[in-house]
Each structure stands twice: as structure tokens, then as C-alpha cells.
Amino acid sequence: MKPLFIVFEGIDGSGKTTQAERLKDYFIKEGEPAVMSPEPSTGLIGKLIREALQKSIIAIQNQHRFEEQMAYLFAADRHYHLYNDEDGVFKLIHQDQTHVITPRYYFSSLAYNCHNQSEYDFVSRLNQSFPAPDLVVYLDIPVEVAMSRIAERAERECYEEEAKLTQVSLNYERIFETYSGLLLTLDGTQPEGDLQQTIIEFLTNYFN
Ligand code: TMP
């Protein structure tokens with residue numbers, strides 16, 4: 001297979017990281033180099049974002065302005081994640097001939113960081129120059145299932161609330177209804193092994 005840029009999307013607790021890890025391990029077992037490279041990234045801006053998700057380090061009370069600030073940070077982090085010369089997505093794909101598997105991409109900004117049409121237009125503009133991935137795998141799960149998975153985690157982040165995830169879930173639905181790139185939507189409540197098998201079969205049929 002040519003080196004692919006594969007994105008996993010879904011609400012918190014949908015199993016993106018688990019499936020991304022499994023897919024990476026599958027590629028490596030098949031002798032094809034692959035890395036998992038999430039957003040927020042492991043770079044400086046990504047670390048700042050992680051901190052902002054866990055603690056109130058951004059002194060903005062107004063929710064609209066807070067989301068705007070987060071959207072700018074996520075877009076800056078995305079630029080670094082794609083284009084840095086150490087472990088950027090395009091360096092990995094073109095120079096190192098490695099598959100890049102990314103839990104979360106600009107679809108997350110559209111789903112999480114806007115609540116109305118004008119905010120959606122703003123976030124779309126911020127992200128308009130980022131290229132579409134080769135494939136988006138959307139793991140769709142009910143918010144109740146996500147909340148019970150999140151409850152088992154030691155640390156909570158600021159978006160991991162029922163009302164927020166309900167809104168995010170609706171936003172994802174809307175985004176993917178009109179998305180024209182390659183998309184695989186799966187029921188994220190299926191057993192992990194079944195999901196992995198479906199993803200591998202899809203990739204093999206489509207890209208081989
Ligand atoms: P994660 O915990 O799934 O790794 O993602 C961190 C949180 O950041 C998650 O709640 C979704 C949120 N997020 C955004 O709000 N906008 C974005 O653009 C990205 C990439 C993540």
C-alpha cells in the first residue's frame with residue numbers, strides 16, 4: 001500500500017486511540033512502517049492545549065471567546081503537526097514512506113469548537129488550507145456509552161461532559177453528512193477485534 005494518512009474521529013470515549021493503535025500494529029506486522037501521531041500533537045502547542053484542557057490556564061470566562069482561543073490553538077498545533085521537519089505528517093509520509101494514523105484532525109475543531117453557523121464558518125476558515133486525509137474513520141457511539149467509558153478514567157478534560165458530547169455528536173453527524181472525502185462510519189460499540197477487521201478489509205479493498 002502507498003503510505004496513507006488515516007484519521008480517526010469520534011466523541012471522547014469512542015475508541016479512536018485503541019483502533020489507531022491496533023491499525024498501526026497491524027501495518028507493522030505486515031512489514032509496512034506506521035506511526036500513531038495524535039492531535040493535540042506532542043509538540044509545544046499540543047502540550048499547552050493538553051494543559052488548557054485539564055486546568056483553567058486560559059483566563060477567558062466568555063465561552064464564545066474561549067472556544068475561539070482554543071480553535072486558534074488547535075489550528076496552530078495542526079499546522080505544526082502536519083509540517084514540522086522532525087515528525088510532521090508530510091515528512092513521515094513522503095520522506096520516511098510511513099503510514100500516519102491520527103486520532104483527531106480538523107473535523108474535531110468543527111465538532112467541538114463551534115456552536116452556531118457563524119462560529120462554524122470561522123473555524124472552517126481557520127482550517128481551510130489543511131489537506132483532507134486519505135481516509136476518515138468515524139467511530140459513532142451513543143453519548144451514554146461514552147460517558148460510562150470516560151467515568152473509568154483517572155483524569156477528566158474540560159469537554160468530557162454529557163451536554164457537550166451530545167452537541168459534539170450532532171455536529172459530527174452534520175459534518176459527515178456532507179463530507180465529500182473518503183469516509184468509513186462504524187458503530188463504535190462493536191467488539192474491538194470486529195472493528196479492526198472491518199477497517200483492515202476496507203483499506204485492503206480500497207487501496208490495494
Ligand atoms: P483526546 O482526549 O481525544 O485526545 O482530545 C482532546 C480533547 O480536545 C477532546 O475533548 C477533543 C478536543 N479537541 C478540540 O476541541 N478541537 C480539536 O481540534 C481537537 C484536535 C481536539
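The legends below describe five close-up views of a predicted model.

Local features are given where pLDDT is at least 70, side-chain atom pairs only at pLDDT 80 or more, and totals for chains, interfaces and linings use all residues. Residues are numbered from 1 along each chain as its sequence is written, and side-chain values use heavy atoms, with hydrogens and water left out.

**View 1. Strand β4 and its pairing with β1 and β5.**
Strand β4 spans residues 135-140; strands here are DSSP runs of E with at least two residues, helices are runs of H or I with at least four, and both are numbered from the N terminus. Five of the six residues of β4 are buried, that is, under 20% relative accessible area, with exposed meaning over 50% and partly exposed the range in between (1.4 Å probe, protein chains only). Strands count as paired if DSSP finds at least two bridges between them. Strand β1 (residues 5-9) runs parallel to β4 and is joined to β4 by four bridges, and Phe8 has Val137 as its bridge partner in β4. Strand β5 (residues 183-187) is also parallel to β4, with five bridges; there, Tyr138 is partnered by Thr185.

**View 2. Surroundings of Glu9 in strand β1.**
Glu9 has a relative accessible area of 0% and is therefore classed as buried. Beyond the residues up to four places away in sequence, Glu9 touches Lys16, Arg104, Tyr105, Tyr106, Phe107, Ser108, Val136, Val137, Tyr138, Leu139, Tyr172 and Phe176, where contact means heavy atoms within 4.5 Å. The side chain of Glu9 lies 2.7 Å from the backbone nitrogen of Tyr105. This is a polar contact, defined as a pair of N or O atoms within 3.5 Å; within protein, one must be able to donate a hydrogen and the other to accept it, and residues adjacent in sequence count only if both atoms are side-chain atoms. Between Glu9 and Asp96 the C-alpha to C-alpha distance is 25 Å, at a sequence separation of 87 residues.

**View 3. Thr98 in the loop between α4 (89-95) and β3 (99-103).**
With a relative accessible area of 7%, Thr98 is buried. A polar atom of the Thr98 side chain is 3.1 Å from the backbone oxygen of Asp96. Apart from neighbours within four places in sequence, Thr98 is in contact with Pro3, Leu4, Pro33, Ala34, Val35, Leu92 and Ile93.

**View 4. Cys114 and Cys158, with no disulfide in the structure.**
A disulfide requires two cysteine sulfur atoms within 2.5 Å, and zero are found in the whole structure. The cysteine sulfur closest to that of Cys114 belongs to Cys158; these sulfurs are not bonded because they are 15 Å apart, which is too far. Cys114 is buried at 4% relative accessibility, whereas Cys158 is partly exposed at 32%.

**View 5. Residues around the ligand.**
The ligand is surrounded by Asp12, Arg50, Leu53, Phe74, Arg78, Arg104, Ser108, Ser109, Tyr112, Asn113, Glu157 and Tyr159, each with a heavy atom within 4 Å of it. Ligand oxygen atoms lie 2.8 Å from a side-chain N or O atom of Arg50, 2.7 Å from one of Arg104 and 2.6 Å from one of Ser109. Of the 480 Å² of accessible area that the ligand has on its own, the protein covers 92%; areas come from the Shrake-Rupley method with a 1.4 Å probe, and for residues only the protein chains shown count as cover.
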